[in-house]
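Ready for a few hands-on exercises? Each one gives you a task, then walks through a solution step by step.

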Amino acid sequence: MDTSFPRVRLEKEELFDLIVQNFPVGMIIVNRDEVVLEFNPAAEKMTGFKREDVVGRNCREVLPGVPCKLKDLDKKALVKKDEIFVYIEGTIPHKNGHEIPVRYTAAPLVKGYEPKGAIVTFRDVSKEKQLEQHRRVLISMFAHDLKGPLAIAGGLLIRLREGKAGSLTEKQVEYLDTIIKEIKKVDTYIRSFLDIVRMEAGQIRLSMELCDIRGLVSELLSDLEVRANQKKMTIQMDIPEDLPLVYVDKCQLHRVIFNLLDNAIKYSPPESKIIIACRDVGEAILCTVEDSGTGINEEDLPYIFDPFYRANYSQGVEGTGIGLAVVKTIIEAHGGRVWVRNKKPPEHGAIFSFTIPKAKK
Ligand SMILES: Nc1ncnc2c1ncn2[C@@H]1O[C@H](COP(=O)(O)OP(=O)(O)OP(=O)(O)O)[C@@H](O)[C@H]1O
Ligand SMILES: [Mg+2]
């Protein structure tokens, strides 16, 4: 009689228990109805919940925020399994009512093409968050302190330029004009950076009002016309006249669209075309800015919305890498989302998209 089968099974079960018990990060396993099957000791320690508090209960009810329902669990999505792993930052509730910041990794448990459930692991990132916050406060204090001396230096330079300290040679005027221009740029960057920090911390109040995106874009296009003409580029606006209004901070939305169009002009070749389009997609308005430039290299894609990140290929183009960070912070402060993808070959160029929730009637 072959006795190896039950022994192997037992070993596998033992091994499974050992892994679950000793897994160094929190682990939750759910079946396809989102009912919790396993909740390991690391998860118990982190959340204060006992295994018996959660096993047998619906994951989303007992642990809201846990990505236990993996979207697109259909056969089509399962063909490309690597696309349905979820890596996100979020929170998990502690039994005492607090939310603990965690980093999740989740994946469906699939047999053939049939989803059987999901496994979610998570790690406490409270310490990293605290450090990040500390670093942010320090940097923003530093940026804030730079503003004063810069304003004084800028003011004095303007007085010099106006001849208040004696007459100037042509060369001196030329140099002073350049210095004043550069100082203004540094000032704009410091302000944008401080805006990002404040918005991320929820400290900037948005002055919300009803806004007609079509009108806003038309204004912007006439402002940008000279620059586009210099490169013999055309900017096409594809926004229906009856596009519903959005409830936004107009100045901030102006900054968003300006930054996207500014990039499209900067990073596209002369004589190419840019299209800005907006559509009503139900809950939100979706806008896209499409160019025919180089597009964005695969390795740069995860970082281009980070402050001060610039791809290698853009070193010859003026900029500091803050524009897209501003765009992301503003859009997210409005409850929207922003992302980018490249056009499919043989076409080339980038398509930046963002959503803005529609004004409630
Ligand atoms: N439309 C685009 N096509 C190709 N690359 C782009 C495009 N938009 C942005 N990028 C890349 O993303 C980087 C970050 O863009 P971002 O707007 O934040 O900064 P910037 O344009 O370099 O400077 P700033 O906007 O602060 O003047 C750019 O340096 C460039 O490498
Ligand atoms: Mg830019």
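**Exercise 1.** Is Phe258 buried, partly exposed or exposed, and why?

*Solution.* Keep in mind that you're looking at a predicted model. Start by locating the residue: Phe258 is found in helix α9. Next, count its neighbours: 17 other C-beta atoms lie within 10 Å of Phe258. A residue needs 20 or more to be buried, and 12 or fewer to be exposed. Phe258 is therefore partly exposed, because its count is 17. As an extra, pick Glu44 as a partner: Phe258 and Glu44 are 214 residues apart in sequence, and their C-alpha atoms are 48 Å apart in space.

**Exercise 2.** Describe how α9 and α10 cross, and list who meets whom.

*Solution.* Two numbers get you going, since packed helices are described by the angle between their axes and the distance between the axes. Here the axes of α9 and α10 come within 9 Å, and the crossing angle is roughly 145°. Then add the hand: α9 passes α10 in a left-handed crossing. Now for the residues. On the α9 side, look for Gln252, Arg255, Val256, Asn259, Leu260, Asp262 and Asn263. Across from them, α10 brings Gly323, Leu324, Val326, Val327, Ile330 and Ile331. Sort the residues of this contact by type and you get seven nonpolar, four polar and two charged.

**Exercise 3.** How many of the 11 residues of α10 are buried?

*Solution.* Go through the helix, residue by residue. The buried ones are Gly323, Leu324, Ala325, Val326, Val327, Lys328, Thr329, Ile330 and Ile331. That makes nine of 11, so α10 is mostly covered. What do they pack against? The buried residues of α10 pack against α7 (170-200), α9, β11 and β12. Finally, check what comes after the helix: α10 is followed by Gly335, which has a positive phi near 85°.

**Exercise 4.** Which helices each supply at least two residues of the shell around ligand 1?

*Solution.* First, find the shell: 21 residues surround ligand 1. The closest are Asn263, Ala311, Gly319, Gly323 and Leu324. The helices you want are α9 (250-266) and α10 (323-333). To finish, sort the shell by type: 10 residues are nonpolar, nine are polar and two are charged.

**Exercise 5.** Find some unusual backbone spots in the loops.

*Solution.* Begin with Glu34, in the loop between β1 (26-31) and β2 (36-39). Its phi is positive, about 70°, although Glu34 is not a glycine. Glu34 counts as partly exposed, because it has 17 other C-beta atoms within 10 Å. Move on to Lys232, in the loop between α8 (213-230) and β7 (234-238). Lys232 isn't a glycine either, yet its phi is positive at about 55°. With 10 C-beta neighbours inside 10 Å, Lys232 is exposed. Last stop: the peptide bond from Pro345 to Pro346 is cis, with omega near 10°. Pro346 sits in the loop between β11 (338-342) and β12 (350-357).

**Exercise 6.** Zoom out and sum up the protein chain.

*Solution.* Count the elements: there are 10 helices and 12 strands. Then take the dimensions: the C-alpha trace spans about 105 × 45 × 45 Å along its principal axes. The radius of gyration is 27 Å, while a compact globule of 361 residues would have one near 21 Å. Buried residues make up 22% of the 361.

Methods:
Residues numbered from 1 in each chain as written. Chains lettered and ligands numbered in written order. Predicted model: local features only at pLDDT ≥ 70, side-chain atom pairs only at ≥ 80, totals over all residues. Helix = DSSP H or I, 4+ residues; strand = E, 2+ residues; numbered from the N terminus. Near = placed C-beta within 6 Å. Nonpolar A, V, L, I, M, F, W, Y, C, P; charged D, E, K, R; others polar. Rg over C-alpha atoms; globule rule 2.2 N^0.38 Å. Axes fitted to C-alpha atoms, helices over the stretch in contact; angles between N-to-C directions. Left-handed = near helix turned anticlockwise from the far one by under 90°. Contact = placed C-beta atoms within 7 Å.
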